[in-house]
Amino acid sequence: MTLMVDIRKLSFINEMAKVGTNGVAENMGKLTGENAQMDVTKTNFIDIDDIETQLEPGKRVGVRVRLLDPPHGHILVLFPEASAKKITAIMLSDVVDDMSDVSGKMARSAVEEMGNMMASGFIDGWADVLGRVIDIAAPQLVYAPGGDIVTRTAALGGDDLALLFDSDLTVPSYQIEAEIYAFPDLEEFVEMVNGIDVQTA
C-alpha cells in the first residue's frame with residue numbers, strides 16, 4: 001500500500017477542506033437566514049493514537065456519516081454540549097416557544113438533523129472537487145467524550161491516520177463551535193487525490 005501524495009496535489013487537500021466547509025456554511029446560512037462562515041484553520045493528517053491529545057476535553061454531540069462510495073470511510077461532525085444547545089434552539093425556534101419544554105428526544109433529533117446537514121454540505125463539496133457522486137448512509141447520532149467518539153470511528157476503518165480539520169463556524173447571532181473529522185479509506189483517498197489533473201503552466 002502506498003500513501004505517498006504527489007506534492008503538487010497537496011493544495012487540493014486544502015481545497016477540498018475549503019470547499020467542504022463552504023458547503024457547511026451555505027447550509028447553515030439557509031437555515032438561519034444569516035451569513036454563516038466556516039473557516040478551516042488547519043488541515044492535518046494525524047496519527048490515530050495522538051488524536052485525543054488534540055481534542056478539548058468534554059463530551060460531544062454529533063453525527064457519524066458513512067460514505068457509500070469512494071473514498072469510503074466516515075465523516076464526523078461534533079459539537080461541544082454548549083453549541084449543541086444553541087443548535088437545538090435554532091432548529092426548533094419555529095415550533096417551540098419555551099425551550100424548557102423541549103424533550104431530550106427532540107433535542108437529539110435537532111442536533112442529528114443539523115449534523116446531517118453539515119456533513120452533507122461537506123461531502124457535496126468533496127464530490128464537486130473529485131468530480132463524482134458520493135452517496136451517504138443515514139447519519140448515526142453520537143454522544144460521548146470526544147476522544148472516545150473519534151477513536152471508535154477511526155477503528156471502524158482500520159487506518160492509522162485520520163484527516164483532521166480544525167475549523168471555526170461563525171453565525172452572527174450564535175457562537176457555535178463545530179469539529180469535522182474525515183476518516184476516508186486512505187489508500188483510496190490518496191489514489192483519488194493523485195489522480196486529479198493538475199494544470200501545469
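Where along the chain is Asp49 found? Asp49 sits in the loop that runs between β1 (37-47) and α2 (51-54), and this briefing starts there before moving inward. Please keep in mind that this is a predicted model. Across the 201 residues of the protein, 45% count as buried. The protein has six helices and six strands, and reading along the sequence gives the pattern α-β-α-β-β-α-α-β-α-β-β-α.

**A charged patch on the surface**

- Asp47, Asp49, Asp50 and Asp160 together form a negative surface patch.
- Asp49, the loop residue from the opening question, has a relative accessibility of 66%, so this residue counts as exposed.
- The cut-off behind that label is a relative accessible area over 50%.

**Nonpolar cores**

- The largest nonpolar core contains 43 residues, and Phe79, Met118 and Trp126 are the ones with the most contacts inside it.
- Several elements each give two or more residues to this core: the helices among them are α1 (10-32), α3 (81-92), α4 (104-130) and α6 (186-194), and the strands among them are β2 (59-66), β3 (74-80), β5 (161-170) and β6 (179-183).
- The biggest contribution to this core comes from α4, which gives 10 residues.
- There is also a second, separate core, made of 15 residues, including Ile51, Ala144, Val150 and Tyr181.

**The salt bridge**

- The structure holds one salt bridge, and its partners are Arg60 and Glu179, whose closest N and O atoms are 3.0 Å apart.
- Because Arg60 belongs to strand β2 and Glu179 to strand β6, this pair ties together parts that are 119 residues apart in sequence.
- Where do these two charged residues sit, buried or exposed? Arg60 and Glu179 are both buried.

**The loop between β2 and β3**

- Two backbone features are worth a look here, starting with a cis peptide bond that leads from Pro70 to Pro71, with omega near 10°.
- Pro71 is placed in the loop between β2 and β3.
- His72 is found in the loop between β2 and β3 too, and its phi is near 50°, a positive value in a residue other than glycine.
- With 28% relative accessibility, His72 counts as partly exposed, since that class covers values from 20% up to 50%.

**Pairs far apart in sequence: strands**

- In strand β1 you will find Gln37, which counts as partly exposed because its relative accessibility is 44%.
- The C-alpha atom of Gln37 is separated by 6.6 Å from that of Val171, although the two residues are 134 residues apart along the chain.
- Gly62 lies in strand β2, and its relative accessibility of 0% is why this glycine counts as buried.
- From C-alpha to C-alpha, Gly62 and Tyr143 are 6.6 Å apart in space, with their positions 81 residues apart in sequence.

**Pairs linked to helix α4**

- Asp128 is located in helix α4, and its relative accessible area of 62% makes this residue exposed.
- What is the C-alpha to C-alpha separation in space of Asp128 and Gly20? The two are 9.2 Å apart in space and 108 residues apart in sequence.
- Glu112 also has its place in helix α4, and its 28% relative accessibility means that this residue counts as partly exposed.
- Glu112 and Ala84 are 28 residues apart in sequence, and their C-alpha atoms are 9.8 Å apart in space.
- Helix α4 therefore carries an exposed residue in Asp128 and a partly exposed one in Glu112, while α4 also gives the most residues to the largest core.

Technical notes:
Residues are numbered from 1 along each chain as its sequence is written. This is a predicted model: local features need pLDDT of at least 70, side-chain atom pairs count only at pLDDT 80 or more; totals for chains, interfaces and linings use all residues. Side-chain values use heavy atoms; hydrogens and water are left out. Patches are made of residues with over 30% relative accessible area and no salt bridge: like charges are joined within 9 Å, nonpolar side chains (Val, Leu, Ile, Met, Phe, Trp, Tyr) within 5 Å. Accessible areas come from the Shrake-Rupley method with a 1.4 Å probe; for residues, only the protein chains shown count as cover. A salt bridge is a side-chain nitrogen of Lys or Arg within 4 Å of a carboxyl oxygen of Asp or Glu. Lys and Arg count as positive and Asp and Glu as negative; His and the chain ends are not counted. The place of a charge is taken as NZ of Lys, CZ of Arg, CG of Asp or CD of Glu. Helices (H or I, at least four residues) and strands (E, at least two) are DSSP runs, numbered from the N terminus. Buried means under 20% relative accessible area, exposed over 50%, partly exposed in between (1.4 Å probe, protein chains only). A nonpolar core is a set of buried Ala, Val, Leu, Ile, Met, Phe, Trp, Tyr and Cys residues joined through side-chain atoms within 4.5 Å.
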